[in-house]
Amino acid sequence: MSRRLRFTLLADGTSDRALLPILRWTIEQLDSATLIVEGEVADLRGLPTSYRNSLGRRIKVAVELFPCDLLVVHRDAEHQDRVDERLLEIQHAVSDADLGRTATVPVIPVRMTEAWLLVDEAAIRAAASNPNGRTPLCLPPVHEIEGVQAKEVLFNLLTTASELPPRRLKRFDRYSARARVAECMSDFSRLRSLSSFRRFESTVRETCGPLVMNQVGNR
C-alpha cells in the first residue's frame, strides 16, 4: 500500500529550488517501494519586507500557505565554521513559529546550494543540452566541492559543457541550465561523502521515519 508524504522547501532564494530533486530522493530512500513524495517551494516573494527579513515569520507563513507534513528550512552556511550557527538560527526560528505538529528539517549546504550539484558530469552535460559532449569538464573532487566558489565553478562547467560557438554562447542561459542539473540526476548517493549532506540525511531519517509510520497507523 502506497503512502504519501508532502514537504515544503523554504529556501534562501529562488535559485535554490534546485534542491527539490535532492530532497525528494533523500526522503524516498526511507521506502522507495511504497512512499510517494511530493514537494514544492514556498514562494514568499509577495510578502512584505518585514516578513521576508524574519526567518520565524517566513517559516510560519510557509506552513500556512503551503501545508505539508514536513517543512525543510534551507540556509547556506557560507563557511564550515558557520554550520552550527545556522542550525541554531533555524532551531530558534522554528520554536518561535510554533508550528504544532508540522515536522521540520534543516538543510545547510556549506557555502551554497551549487556545491551539491558538482558531483555528476553527465547531469551537467545534459543540463547544458549537450549530453554527448566530449570537452573535458574537470569537476573538483567531491571532498573539495564545499571549499570552492561553487556558483562560479558550476556556471563555468555548464558553459564549457554546452560546447557552443561564441555567437550562440552569448544566448546560453546559464541560470536555466543550473536549475536543470539536479533534475538530470537520479542518484545523489555521492553526496554522502560530504558531512553536511550526511547530517541532513540523518536528520531526515530521524524526523520522517515516525511520519511514515504514523501514516501507516492511520490507514
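These legends walk through several close-up views of a predicted model.

**View 1. Here is the open sheet, with four strands in the order β2-β1-β3-β4.** The pairing in this sheet is parallel. Its edges are formed by β2 (35-41) and β4 (103-107), each of which pairs on one side only. On average, neighbouring strands are turned by 25° against each other, direction ignored. As a little background, strands of a sheet pair through backbone hydrogen bonds, either parallel or antiparallel.

**View 2. Let us look at strand β1 and its partners β2 and β3.** Seven bridges link β1 to β2 in the parallel sense. On that side, R4 has I36 as its bridge partner in β2. Strand β1 (residues 3-10) also runs parallel to strand β3 (residues 70-74), and four bridges join the two. Here you can find T8 with its bridge partner L71 in β3, and L9 with its bridge partner V72. How many of the eight residues of β1 are buried? Six of them are, so β1 is largely enclosed by the rest of the structure.

**View 3. A helix, α3, lies across two strands of the sheet, β1 and β3.** Helix α3 covers residues 55-65. The helix runs at about 150° to β3.

**View 4. This view turns to the nonpolar cores, the largest of which has 51 residues.** Which of its residues touch the most other members? They are F7, L70, W116, L158, V181 and F200. A second, separate core has 19 residues, including L44, A62, F66 and L99.

**View 5. Meet L158, one of the core residues that touch the most other members.** Leaving aside its neighbours within four places in sequence, L158 is in contact with I124, A127 and A128, among others. Its further contacts include F172, R174, A177, R178 and V181.

**View 6. Helices α6 and α8 cross at roughly 100°.** Helix α6 spans residues 150-162, and its axis comes within 10 Å of that of α8. The two helices are therefore roughly perpendicular to each other. From α6, the residues K151, L154, F155, L158 and T159 take part in the contact. On the α8 side they meet R174, Y175, A177, R178 and V181. By type, the residues of this contact divide into six nonpolar, one polar and three charged.

**View 7. Take a closer look at R178, a residue of helix α8.** This helix consists of residues 174-181. Is R178 buried or exposed? With a relative accessibility of 8%, R178 counts as buried, because the cut-off for buried is under 20%. Not counting residues up to four places away in sequence, R178 touches S15, E114 and L117, among others. Also among its contacts are K151, L154, F155 and L158.

**View 8. Our last stop is the loop between α5 and α6, where S129 and C138 are found.** Most residues other than glycine have a negative phi. S129, although not a glycine, has a positive phi of about 60°. C138 is not a glycine either, and its phi is positive at about 55°. Helix α5, at one end of this loop, covers 121-127. Are S129 and C138 buried or exposed? S129 is exposed, with a relative accessible area of 58%. C138 counts as exposed too, at 69% relative accessibility.

Note on methods: Residues are numbered from 1 along each chain as its sequence is written. This is a predicted model: local features need pLDDT of at least 70, side-chain atom pairs count only at pLDDT 80 or more; totals for chains, interfaces and linings use all residues. Side-chain values use heavy atoms; hydrogens and water are left out. Two strands pair if DSSP finds at least two bridges between them. Axes are lines fitted to C-alpha atoms, for helices over the stretch in contact, and angles run from 0 to 180 degrees between N-to-C directions. Contact means heavy atoms within 4.5 Å. Buried means under 20% relative accessible area, exposed over 50%, partly exposed in between (1.4 Å probe, protein chains only). A nonpolar core is a set of buried Ala, Val, Leu, Ile, Met, Phe, Trp, Tyr and Cys residues joined through side-chain atoms within 4.5 Å. Angles under 35 degrees count as roughly parallel, over 145 as roughly antiparallel, 65 to 115 as roughly perpendicular and the rest as oblique. Ala, Val, Leu, Ile, Met, Phe, Trp, Tyr, Cys and Pro count as nonpolar, Asp, Glu, Lys and Arg as charged, and the others, Gly among them, as polar.
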